[in-house]
Amino acid sequence: MDSVHENEWLMRWREGRIGFHREAAHPALVRYWPRLGVPGDTKVLVPLCGKSLDMRWLAERGHPVLGIELASQAIAQFVAEGEAPASRYRQGDFEVTRQGSVELWCGDFFHFHLPQAAEVGAFYDRAALIALPEATRQRYAFHLAQLMAPGSRGLLVSLTRPDNAGPPFSVEAAEVERLFGANFELVHLDDAEPEPNGFRESVWSLKRRGPY
Ligand SMILES: C[S@@+](CC[C@H](N)C(=O)[O-])C[C@H]1O[C@@H](n2cnc3c(N)ncnc32)[C@H](O)[C@@H]1O
């Protein structure tokens, strides 16, 4: 990932420009996650996790959670807003902070590789794919596929918007299918009502294909 993109996110966290953060679990997670049928003890990968409360929601349902986030500030805030004590340790290039059953790996998602993902059996992407510019989204979808074992499932909350600005970037259904279709079985579960600014979320269930 280029350092301009990286610096932009670090600056956003420093300046508190985190309009993407929600103060409650995302309704699509609450509604659709149970339908995936992921066993409760399966570890869930949350790429580009921010300080999302969705991770606590998953943890409360019994899932160990592995979030990956560039900004140490996001991780510090997540921990400070929680109640349990936290511990820290190193895993290769990443500093990992653990609070309860949530581990937050501080660093670049694209530097997170298969041996480190060995225990992961599902994923949740809300505002990760759509945080990335077009050229990086293909790389993201491929990298995610590399990390997920055949049969593993995930929930994707994507977004379209009427203009070409971003982040969040507009990702049409056809692009979701093009990015993930080769490696995942995809089901388009829902389109939310458009927000007043024209942003419209779409919800997808994914299942890693294979083995062949
Ligand atoms: C739009 S926010 C979404 C955060 C979270 N998923 C949520 O729903 O609140 C995207 C997050 O990804 C982080 N990020 C961007 N590029 C990243 C990368 N290559 N590796 C890890 N984190 C990254 C940013 O710092 C930011 O916190």
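Is Trp 13 buried or exposed? Select Trp 13 and look around it. This residue has 20 C-beta neighbours inside 10 Å, so Trp 13 counts as buried. The cut-off for buried is 20 or more. Keep in mind throughout that the model is predicted.

**Stop 1: Trp 13**

Trp 13 sits in helix α1. Show its contacts beyond four places in sequence: Ile 18, Ala 71, Gln 73 and Ala 74. UniProt, in an unreviewed entry, lists Trp 13 under the feature "binding site". The same feature covers Leu 48, Glu 69 and Arg 126.

**Stop 2: the ligand**

Now select the ligand and the residues around it. There are 20 of them, and those that come nearest are Trp 9, Leu 48, Gly 50, Phe 109 and Ala 127. Colour the shell by class. You should find 14 nonpolar, 3 polar and 3 charged residues.

**Stop 3: Leu 48**

Stay with Leu 48, one of the residues that come nearest to the ligand. Leu 48 lies in the loop between β1 (43–47) and α3 (54–60). Why does Leu 48 count as buried? It has 22 C-beta neighbours inside 10 Å. Set aside the neighbours within four places in sequence, and its contacts are Ile 68, Glu 69, Phe 109, Ala 128 and Ala 131. Glu 69 is also among the "binding site" positions that UniProt gives. Check the backbone too. Phi of Leu 48 is near 50°, a positive value in a residue that is not glycine.

**Stop 4: Ala 127**

Move on to Ala 127, in the loop between β6 (120–126) and α5. Its phi is also positive, at about 65°, although Ala 127 is not a glycine. With 21 C-beta neighbours inside 10 Å, Ala 127 counts as buried.

**Stop 5: helix α4**

Select residues 72–81, helix α4. Ala 74, Ile 75 and Phe 78 are buried here. Look down the axis: these buried residues fall within an arc of 95°, so they line one face of the helix. They pack against α1 (3–15), β2 (65–69), β4 (94–99) and β5 (102–106). Ala 74 was also among the contacts of Trp 13.

**Stop 6: Gln 99**

From there, go to strand β4 and pick Gln 99. Is Gln 99 buried or exposed? With 22 C-beta neighbours inside 10 Å, Gln 99 counts as buried. Beyond four places in sequence, Gln 99 contacts Val 79, Gly 82, Ala 84 and Ala 86. Draw a distance from its C-alpha to that of Glu 15. The two atoms are separated by 25 Å, and the residues are 84 apart along the chain.

**Stop 7: the nonpolar core**

The largest nonpolar core has 53 residues. Which of them touch the most other members? Select Val 44, Val 46 and Leu 104. Then zoom in on Val 46. Leaving out neighbours within four places in sequence, Val 46 contacts Ser 52, Met 55, Val 65, Leu 66, Gly 67 and Tyr 124.

**Stop 8: two cis bonds and helix α6**

Next, find Pro 167 and Pro 168, in the loop between β7 and α6. The peptide bond joining Gly 166 and Pro 167 is cis, with omega about 0°. The bond from Pro 167 to Pro 168 is cis as well, with omega near 0°.

Finish on helix α6, residues 173–180. Its buried residues are Val 176, Leu 179 and Phe 180. Seen down the axis, they fall within an arc of 75°, so they line one face of α6. Their cover includes α5 (134–147), β7 (153–160), β8 (184–191) and β9 (200–208).

Terms used: Residues numbered from 1 in each chain as written. Predicted model: local features only at pLDDT ≥ 70, side-chain atom pairs only at ≥ 80, totals over all residues. Buried ≥ 20, exposed ≤ 12 C-beta atoms within 10 Å, placed from the backbone. Helix = DSSP H or I, 4+ residues; strand = E, 2+ residues; numbered from the N terminus. Arc of directions from axis to C-beta. Contact = placed C-beta atoms within 7 Å. Near = placed C-beta within 6 Å. Nonpolar A, V, L, I, M, F, W, Y, C, P; charged D, E, K, R; others polar. UniProt positions renumbered as here; feature names shortened; annotations may be inferred. Core = buried A, V, L, I, M, F, W, Y, C linked by C-beta atoms within 7 Å.
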